[in-house]
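Hi everyone, thanks for coming along. Please pull up the sequence and the structure, and we'll walk through a few places together.

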Amino acid sequence: MTSWYRKFLQELATVAEPLHRLTKKDFESQFVLQTDASDTGLGTVLFQVITREERVLEFASRTMSKAERNYSVTERECLAVIWAIRKFKPDIEGYQCKVVTDHSSLRWLCNLNNPTGRLARWALEMQGHVYTVEHRKGLLNAVPDALSRIYEEDAVPVETVGWVSETQDEWDCEKVREIQLHPKKDPLYKMYGGQLYYFCPDEKLRASMNDDTAWKIVVPKEKRAEILRECHDEPPAGHQGQCIPIKRASTKTILQHLRERVFLRCGAPEVLSDNGTELKNKAIEQYLREQGVRHELTPPYHPQANPVERVNRTINNMVRALIEKNHNTWDERLSDVAFGYNTVPHSSIGVSPAILMYGTQPMKPSAAMREQNAAAEEELQRRAIDAWHNRMWDLSQLREQASQRTQDAHDRQKRYYDTKRKPASYEVGDLVMRRNHVLSSGAEQRSVKLAPPYIGPYKIVEIRGTNTYRLVDEVGEQVDLAPAEAFLSVSDGRRVAEERRRWRRSTFEGCVRRRGW
């Protein structure tokens, strides 16, 4: 505008020289493009970082055509980047630049399988530039966001429905009026289908403002007790496993459920089980060999090596909390308990098992929430695909973090366990006594309390892992695997046996003296 009236302004060049100096480009520094897209427009900023300061070179924005407004959120963000590169092509062509955006649109475009039409042309055009992509949270991407929204029309108050129209809470009513009249004033709140939503993403899942799974409905005071009851008192509100009630744990039944519920749904997993005959038999072993699955067994009488034992205890506590009088109905609530167990974050992995398995958090079967979300269902479905693309980029990293957290939890539990245990290590060829696992039998005149606690000696012939050993008896026949905590060295075993003999002798002599025999 000042250039238009240049001939009427005295010494305009001198006055405007500091402004021209600010827009002077330094081709030794990297160019940075910051972009954003809204429902109606595109915005971008070209700047350089000089002496640790962002020096703006140019601002640009434009409205979107009617056809462009029908693009998905991801496509609109891609369009903003493509348009910005075309706009500043004379400046950045031939130089490496950085693209800053609050969306994963470029990564989605570059990794798209078999792109066609417009997306293929965009992907081909981007290959002619050297650039890096940096993600910036939507709250920190304020300048291009404001440029993209300057073409929005004044907000027209929307009609409220459901809880918003029924509540008498002053704060809720005031916040709804504020968002209706000034939707840009507080970016953490927005209206969907006549309902008020708040942006509250999971800290472990990187979410943008366009990720609808991060927007939570605002519950008025009148409905909070009902929602708390549905989210905490109902069975599915417990804290990825499968629970299958079976009347008789036969090989045929277990094999059927293993095939239908596990292998044909989740693929061939690694199998770890105890030494029960239900899982350690010819039929199971043959099926696992056919599927190319290795069957690992835990040492006998060592449940600590099987993590399923801890899961069973948790599920048992959850079922016990639900079943009060009629204990015969426990199997009817098992599916609800399993859903609750799979959809609540676990301390060892940091997130719920459902997120690691499916990449999203299943919605709990809450009647009240389902009724309110129905009003915004159409708009949420339209954006679900875009949110899913973003979530998939983060899922692999999230699984790695869960794996690391699992390892950290294992190490923490190991340190706690080791504080109460003395270190014991054995070598191949050592002679040891093994803990005696014997059952009482009246027919064989055998009592557990009177049986020797250790039997042997046995010779160690193989070391399996860090804590498990294979033994042979005196004639060379192999026995089951056993953990180190079930052993005593031969010298310790002899000392224990001698102490037991002295204790028995002193006990017998004391009895004789008391009775006067």
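How many salt bridges does a search of the whole structure find? There are nine, where a salt bridge means a side-chain nitrogen of Lys or Arg within 4 Å of a carboxyl oxygen of Asp or Glu. Before I show you some, please remember that this is a predicted model: local features need pLDDT of at least 70, side-chain atom pairs count only at pLDDT 80 or more, and totals for chains, interfaces and linings use all residues. Residues are numbered from 1 along each chain as its sequence is written, and side-chain values use heavy atoms, with hydrogens and water left out.

Let's take Arg62 and Glu68, whose side chains meet at 3.2 Å, N to O. Arg62 is partly exposed, with a relative accessible area of 23%, whereas Glu68 is buried at 13%. For those words, buried is under 20% relative accessible area, exposed is over 50%, and partly exposed is in between, using a 1.4 Å probe and protein chains only.

Next, Asp145 forms a salt bridge with Arg149, and their closest N and O atoms are 2.9 Å apart. Both sit in helix H6 (residues 142–149), four residues apart, about one turn of the helix. Helices here are DSSP runs (H or I) of at least four residues, strands are runs (E) of at least two, and both are numbered from the N terminus. Arg149 is partly exposed at 29%.

Glu296 and Arg294 make another salt bridge, at 2.7 Å, N to O. Glu296 is partly exposed at 29%, while Arg294 is exposed at 62%.

Stay in that region for a moment and find Thr298, in the loop between strand E10 (295–297) and helix H12 (308–322). Is Thr298 buried or exposed? It is buried, at 7%. Leaving aside residues up to four places away in sequence, Thr298 touches Leu272, Ser273, Asp274, Asn275, Ala305 and Asn306; a contact means heavy atoms within 4.5 Å.

Now for the inside. A nonpolar core is a set of buried Ala, Val, Leu, Ile, Met, Phe, Trp, Tyr and Cys residues joined through side-chain atoms within 4.5 Å. The largest one has 28 residues, and Leu33, Leu42, Leu46, Ile92, Leu109, Trp122 and Met126 have the most contacts inside it. Helix H2 (73–87) is one of the elements that supply at least two of its residues, and H2 gives the largest share, eight. A separate core has 11 residues, including Val432 and Tyr469.

Ile92 is a good one to click on: not counting residues up to four places away in sequence, its contacts are Phe31, Leu33, Leu46, Ile85 and Cys97. You could also look at Phe47, in strand E2 (residues 41–50), which is buried at 2%. Among the residues that Phe47 touches are Phe31, Val32, Arg55 and Val56.

Last stop, the segment before helix H1 (12–22), where you'll find Trp4. Trp4 is exposed at 69%. Glu11 lies in the segment before H1 too, and is exposed at 55%. What is the phi of Glu11 near? It is near 50°, a positive value in a residue other than glycine. Most residues other than glycine have a negative phi.

To finish with the whole protein, there are 17 helices and 15 strands, and buried residues make up 36% of the 517 residues. Thanks, everyone!
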